[in-house]
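Here is a small set of exercises to work through with a structure open beside you. Take each task first, then compare your reasoning with the solution.

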Amino acid sequence: MSTMADVARSAGVSVATVSHVLNGTRPVLPHTRQAVLDAVEALGYTPNSLARSLVTSRTRSIGLAVSAISNPYFTEILQGVEAAALEAGYSLLIADPHDDPEHELKVVQLLHGRRVDGMIVAPSAEPGDLVAYLRRQAVPTVLLDRVLERAGPGQGQFDQVCAENSGPMAELVTHLASLGHRRIGLVAGLPGLSTTSERIAGYRQGLAAAGLDADGELVVSGSSEARGAERATAALLALPGAPTALVTANNAMTIGALRALRERGLGVPGDIALACFDDFAWADLFAPRLTAIAQPSREMGARAVRVLLDRLSAPDREARTVRLPCAFVHRASCGCPEPGPADTGNSMESTSQFEKGTTP
């Protein structure tokens, strides 16, 4: 097995120079750097990552705490994180918090104990203990998908990456209103999540833009999961003035809502129109196909990695919240004629972009 000394002899440089090239600890002349890399390839040298971490105080690993097992929405985000981390030469340690505050803290402590260089975390609805720990330990962290109102300077320097929520939700509601619907129900997510509050705000914005009054009884929590959405949909359908259109605030709740409609013999869109926040792989397999807001899930994951690497390279930089635009995917469940191939997947830029460190 080749050693660093073998690489140094082959390249005609010192062992220290080889170390600087491989660890990026000091600038090296381009031709010298190339000579080292050529020697590494020719000899098949594999750096000792453990020894390197002892020298650099870096493990080149990232901890990821998202509920990817219990919440399928995060699966595509995870793929984006993994690809970007691998491209940057980082390994990934993954733990599932199950959206439970107590378990969330445990898994983050576990990841931190593995000496990861930084973390990417999708916080639960009650992240107080998590946030306190990350700030106390000064762990470089990017909050993913779900954000905090106060995450900037003086509060732990949490960078944040998420999708736009309010504008796209308002777009769904105004579209339904343009089709003549006046009673539009919302199956909302778990209280306490920023995605829930922002999508409820967007729902109300859409109603106001359409000249409709907000009726509180038309907003029912589905707790961000299918069974909760099934109960919420049943409650909405039992109202004296039942909605003629329904918006679900994530993909799991769309499944629950569809189950509740089927059990009552209601067809979409003939008996009730349906539009959902979150597109998913099988949304166009339903009959009719589902009108949806598509989030840039993979890009969110990849961007979170890039933002974390920026933080690691410049620990004192100003915290930022990056919001990515969604796309309105127009299909037929809203009650419109089935659009042709040229009409689907139209990009919908959000009304606001947060690229300068502002919080929502």
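The exercises below go from the overall picture to single residues in this predicted model.

**Exercise 1. Get an overview of the fold and of the confidence in it.**

Task: Find how many helices and strands the protein has, and where pLDDT stays under 50.

Solution:
- Begin with the secondary structure, which comes to 12 helices and 12 strands.
- Next, look at burial: of the 360 residues, 49% count as buried.
- Then turn to contacts with a separation of 6 or more, where residues 24 or more positions apart account for 69%.
- Now check confidence. The mean pLDDT is 87, and 86% of the residues reach 70 or more.
- Two stretches need care. pLDDT stays under 50 over residues 151-156, for which the model has 13 contacts beyond four places in sequence. It also stays under 50 over residues 343-360, for which the model has 52 such contacts.
- Where pLDDT is low, the predicted coordinates should not be read in detail.

**Exercise 2. Place strand S3 among its neighbours.**

Task: Work out which strands pair with S3, in what sense, and whether its two faces are covered or open.

Solution:
- Start with strand S1 (residues 61-65), which runs parallel to S3 and is joined to it by 4 bridges. Within this pairing, Ile62 has Gly118 of S3 as its bridge partner.
- Move on to strand S4 (residues 141-144), which pairs with S3 in the parallel sense over 3 bridges. Here Met119 is partnered by Thr141 of S4.
- Follow the chain from S3 to S4: together with helix H7 (residues 128-137), the two strands make a right-handed β-α-β unit.
- Finally, inspect the faces. In a regular strand the side chains alternate between the two faces of the sheet. In S3 (residues 118-121), Gly118 and Ile120 lie on one side, Met119 and Val121 on the other, and all four are buried, so both faces are covered.

**Exercise 3. Explore the nonpolar cores.**

Task: Identify which residues have the most contacts inside the largest nonpolar core.

Solution:
- The largest core has 69 residues, and those with the most contacts inside it are Ile120 and Ile184.
- Apart from this core lies another, of 17 residues, including Ala65, Val107, Val108 and Val139.
- Take Ile184 as a worked case. Beyond four places in sequence, its contacts include Val173, Leu176, Tyr203, Leu218 and Val247.

**Exercise 4. Account for the cysteines.**

Task: Count the disulfides and explain why Cys334 is not bonded to Cys336.

Solution:
- The cut-off for a disulfide is a sulfur pair within 2.5 Å, and the count comes to 0.
- For Cys162, the nearest cysteine sulfur is that of Cys326, 9.3 Å away. Cys162 counts as buried, because its relative accessibility is 0%.
- For Cys334, the closest cysteine sulfur is in Cys336; at 3.7 Å it is too far for a bond. Cys334 also counts as buried, because its relative accessibility is 1%.

**Exercise 5. Examine a glycine in a loop.**

Task: Locate Gly222 and decide whether it is buried or exposed.

Solution:
- Gly222 is found in the loop between strand S7 (219-221) and helix H10 (226-237).
- Its relative accessibility is 0%, so Gly222 counts as buried.
- Look for its partners beyond four places in sequence: they are Val187, Ala188, Gly228, Ala229, Ala232 and Met253.
- Val187 is 35 residues from Gly222 in sequence, yet their C-alpha atoms are 5.6 Å apart.

Technical notes: Residues numbered from 1 in each chain as written. Predicted model: local features only at pLDDT ≥ 70, side-chain atom pairs only at ≥ 80, totals over all residues. Heavy atoms only, no water. Core = buried A, V, L, I, M, F, W, Y, C linked by side-chain atoms within 4.5 Å. Buried < 20%, exposed > 50% of the residue type's maximum accessible area, 1.4 Å probe, protein only. Contact = heavy atoms within 4.5 Å. pLDDT = per-residue confidence, 0-100. Pairing = 2+ DSSP bridges. Right-handed = clockwise from strand over helix to strand, strands pointing away.
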